[in-house]
Amino acid sequence: MSLKHFIDRALSSWMDETGPETDIVLSSRIRLARNLNDHLFPTILKQEEANEIIEEVEQHLSRLRDEEGYEFIKMSELQPLEKRVLVEKHAISPLLAEDSPFGACLLSQDEKLSIMINEEDHIRIQCMLSGLQLAEALNMANKLDDYIEQQLDYAFDEKKGYLTSCPTNTGTGLRASVMMHLPGLVLTQQMKNIVPAINQLGLVVRGIYGEGSEALGDIFQISNQITLGKSEVDIVEDLKSVVEQIITQERLAREALVKASNIQLEDRVFRSLGVLENARIIELKEAARCLSDVRLGIDLGYIKNISTTILNELMILTQPGFLQQYAGGEMRAEERDQRRASFIRDRLNMEKDKA
């Protein structure tokens with residue numbers, strides 16, 4: 001398999017598209033948590049009932065597979081590396097991959113939509129789009145949700161809303177989130193003040209892969225915490241309003257950096273580019289930091305011959321799962337660091353050759 005073929009096959013469409021505010025907002029995600037009537041929550045399911053739920057969902061949603069081209073995937077039939085790749089592409093959650101041996105998913109061809117089965121809830125609908133497109137993602141997720149609700153009997157209470165395994169999801173069952181690149185706020189040390197302020201607004205700031213993950217490469221996920229007592233539209237509008245304020249603050253921080261220390265910032269950007277173009281060994285954290293610097297350099301106009309799309313690709317394709325999947329098997333950490341450096345050099349050279 002050639003490098004180009006691997007990259008083309010590996011990319012989800014949201015990585016390769018340009019949406020609103022994509023210099024700062026990498027993606028918008030909507031996730032709806034739903035459960036089926038007359039079944040125990042997945043957290044206490046035994047294998048037999050879990051399999052019954054998978055069969056029930058697969059049977060009733062067969063049109064998505066047969067007519068819409070969705071791929072039906074059982075977690076038990078995947079190798080650990082294959083599951084890790086799906087997580088790294090944000091197609092499924094780490095919980096479904098690691099802690100749900102009786103889980104499955106239906107995944108659309110462009111990977112914008114996925115239906116996770118027997119994760120923390122029986123069904124979790126996810127829609128992911130490029131840039132700041134929360135309302136559009138909600139609309140797509142709701143259409144899929146309406147179709148599923150016509151086929152399956154959801155657990156719903158007139159007062160409490162959709163019943164979920166975790167009480168914090170009860171109500172709309174909605175988690176809306178955006179993935180943001182915020183190097184300006186990090187470099188100006190404003191992020192430490194912004195995070196508590198965001199939390200006070202009923203939102204939460206997490207790392208690139210959600211709860212418990214690290215904010216590698218100055219990339220943060222911001223999402224709602226409250227799902228009960230607010231409509232889906234209000235949740236999305238409140239999040240969008242806060243995100244727009246953060247975008248403004250990030251732009252101001254970048255302007256301040258350029259004004260106060262332009263040559264130092266330019267030096268940092270090109271040093272990071274030099275590392276990516278020449279390193280023979282590079283760890284994930286260092287690669288993420290350098291990719292963040294280079295992306296900032298592209299956005300500020302320092303670098304002209306590299307597109308941000310390439311950096312979106314490298315952000316995902318240099319993760320441990322992808323590297324090992326491409327190599328054909330498990331690798332030691334040192335081997336991954338060498339492969340990561342080689343992969344980045346090759347990809348940047350491909351971009352130069354095109355230019």
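The legends below describe an overall view and several close-up views of a predicted model.

In this predicted model, local features are described where pLDDT is at least 70 and side-chain atom pairs count only at pLDDT 80 or more, whereas totals for chains, interfaces and linings use all residues. Residues are numbered from 1 along each chain as its sequence is written, and side-chain values use heavy atoms, with hydrogens and water left out.

**Figure 1. The whole chain, with its 13 helices and 10 strands.** Helices (H or I, at least four residues) and strands (E, at least two) are DSSP runs, numbered from the N terminus. Taken along the principal axes, the C-alpha atoms fill a box of roughly 65 × 45 × 30 Å. The radius of gyration of the chain is 21 Å, which agrees with the value near 20 Å for a compact globule of 355 residues; this radius is taken over C-alpha atoms, and the globule rule is 2.2 Å times the number of residues to the power 0.38. Of the 355 residues, 54% count as buried, where buried means under 20% relative accessible area, exposed means over 50%, and partly exposed lies in between (1.4 Å probe, protein chains only). The accessible surface comes to about 16,300 Å², of which 46% belongs to carbon and sulfur atoms; accessible areas come from the Shrake-Rupley method with a 1.4 Å probe, and for residues only the protein chains shown count as cover. Among contacts (heavy atoms within 4.5 Å) between residues at least 6 apart in sequence, 70% join residues at least 24 apart.

**Figure 2. Strand E1 and its pairing with strands E5 and E8.** Strand E1 (residues 25-34) is mostly covered, with 9 of its 10 residues buried. Two strands are said to pair if DSSP finds at least two bridges between them. E1 is joined to strand E8 (residues 174-181) by 7 bridges in an antiparallel arrangement, and within this pairing Ser-28 stands opposite Val-178 of E8. Strand E5 (residues 123-130) also runs antiparallel to E1, and 8 bridges join these two strands; here Arg-31 has Gln-126 of E5 as its bridge partner.

**Figure 3. Strand E3 with its antiparallel partners E2 and E4.** In a regular strand the side chains alternate between the two faces of the sheet. In strand E3 (residues 104-107), Ala-104 and Leu-106 point one way while Cys-105 and Leu-107 point the other way, and all are buried. Strand E2 (residues 71-74) pairs with E3 over 4 bridges in the antiparallel sense, and Lys-74 stands opposite Ala-104. Another 4 bridges join E3 to strand E4 (residues 113-117), again antiparallel, with Met-116 of E4 as the bridge partner of Cys-105. E3 and E4 form a hairpin with 5 residues between them, and in the turn Glu-111 has a positive phi of about 65 degrees.

**Figure 4. Two loop residues with positive phi, Asn-118 and Asp-218.** Asn-118 lies in the loop between E4 and E5, and its phi is near 60 degrees, a positive value in a residue other than glycine. Asn-118 is buried, with a relative accessible area of 4%. Asp-218 is found in the loop between strand E9 (203-206) and strand E10 (219-224); although Asp-218 is not a glycine, its phi is positive, at about 60 degrees. With 15% relative accessibility, Asp-218 also counts as buried.

**Figure 5. Helix H11, a segment largely enclosed by the rest of the structure.** In helix H11 (residues 308-317), 9 of the 10 residues are buried, so the helix is largely enclosed. The buried residues include Thr-309, Ile-310, Asn-312, Glu-313 and Met-315.

**Figure 6. The surroundings of Arg-336 and Arg-63.** Arg-336 has its place in helix H13 (residues 333-354). Not counting residues up to four places away in sequence, Arg-336 touches Pro-320, Leu-323, Gln-324 and Met-331. The C-alpha atoms of Arg-336 and Leu-284 are separated by 9.0 Å, and these residues are 52 residues apart along the chain. Arg-63 is found in helix H3 (residues 62-66) and counts as partly exposed, at 30% relative accessibility. With residues up to four places away in sequence again left out, Arg-63 touches Glu-68 and Tyr-147.
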